[in-house]
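Student: Could you take me closely through one part of this model, the open sheet and what packs around it? I would like a connected account, with the criteria behind each term.

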Amino acid sequence: MSGLNKARGLDHVVLPVHSLEAARGRLSQLGFTVAADARHPFGTENACVFFADDTYLEPLSVASREECEAAAKAGNMFVARDLAFRFRNGPEGLSAIVVKTDDAEADHRRFAAAGFSGSPILHFERVFKMADGSDVLGGFKLAFAADLRAPDFFLFACERVNPLPADRGALARHENGALGLSTVVLGEDNPSDFQYLLEEVFEQREVEAHSFGLSLQSANAKVEALTPAGLAGYFGLETKDCGRGLKGRLLIVKVADIGVTERLLAAKGIAFSRHGARLIVPHEAGQGVPFVFEEV
């Protein structure tokens, strides 16, 4: 496939955090509505932030190291990657981009044919608590894509086998005015080295290359891979030298009214800076990476 109309859509991003308690506190302070804690059947847990555009943030923590280690040894690549990320980078960050799919098995075959398969398919179920207190069983199939040159970042396609309701009601309404994910920003010394990986996962061949990296437009959000100079120039983000390979660096959240967002952050004593028309909130525990707010 090629072209924007056939490009895959962003589903969510995975944000390793030290604890769900820290994530809930920090994200609530930033004006997000945070869903109830949810436990995976392999030792990790999350407390997601859902958006009206059907994207979401997945703050992820380790509920049981013993269960996680057992699952990783048994071949669960989701857990194995999370443990490896924490070992190399500490407990906070942005470790994965997830794309939407209706057929994870087909994606797995496609990733394998392109030389990017990260592991066999992972199929699991978990209970999701709705805003009204009711429980819904969600089932998922994951097809992984990875590049051995990027040990601290991977991607996967997520098929919702028994889909959760698209309208999550109050969970998708946020005090800071957040509407969804605008852009996921990655860092790399030479982003073009990973262009084919991103093209393959998103089924998007139209990539804009420039002096600071590259930009890919998915069906519903943008993915940018920038050099250290690009990260500094566009966002004032100074990245220390920690080797080659893609790394998740920050998230851009779209909001309805940047003035509302700015007043909320100021009222709550949140440290932030202005960079052009954007508001940049530096990383704090529970947040994963810096957040950037921009008005749509």
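Tutor: What follows begins with the sheet and then moves to the helix across it, the nonpolar cores and one polar contact.

The model is predicted, and local features are described only at pLDDT of at least 70, side-chain atom pairs only at pLDDT 80 or more, while totals for chains, interfaces and linings use all residues. Residues are numbered from 1 along each chain as its sequence is written, and side-chain values use heavy atoms, with hydrogens and water left out.

The open sheet has eight strands in the order β11-β12-β13-β10-β14-β17-β16-β15, and its pairing is mixed; strands here are DSSP runs of E with at least two residues, helices are runs of H or I with at least four, both numbered from the N terminus, and two strands pair if DSSP finds at least two bridges between them. At the edges lie β11 (207-210) and β15 (273-275), each of which pairs on one side only. On average, neighbouring strands of this sheet are turned by 25° against each other, direction ignored, with axes taken as lines fitted to C-alpha atoms, for helices over the stretch in contact, and angles running from 0 to 180 degrees between N-to-C directions. Within the sheet, β12 (residues 213-217) and β13 (residues 222-226) pair in the antiparallel sense over five bridges, and Gly213 has Leu226 of β13 as its bridge partner.

Helix α6 (residues 228-235) lies across β10 (178-187), β11, β13, β14 (247-255), β15, β16 (278-281) and β17 (291-295), and runs at about 120° to β13.

The largest nonpolar core has 53 residues, of which Val13, Phe32, Ile97, Leu251, Phe291 and Phe293 touch the most other members; such a core is a set of buried Ala, Val, Leu, Ile, Met, Phe, Trp, Tyr and Cys residues joined through side-chain atoms within 4.5 Å, where buried means under 20% relative accessible area, exposed over 50%, and partly exposed in between (1.4 Å probe, protein chains only). Leaving out residues up to four places away in sequence, Phe32 touches, among others, Val253, Phe291 and Phe293, with contact meaning heavy atoms within 4.5 Å. Another core, of 19 residues, lies apart from the largest one and includes Leu83, Ala96, Leu122 and Phe124.

Arg88, in helix α3 (residues 77-89), is partly exposed at 49% relative accessible area, and its side chain makes a polar contact with the side chain of Asp152 at 2.6 Å; a polar contact is a pair of N or O atoms within 3.5 Å, and within protein one must be able to donate a hydrogen and the other to accept it, residues adjacent in sequence counting only if both atoms are side-chain atoms.
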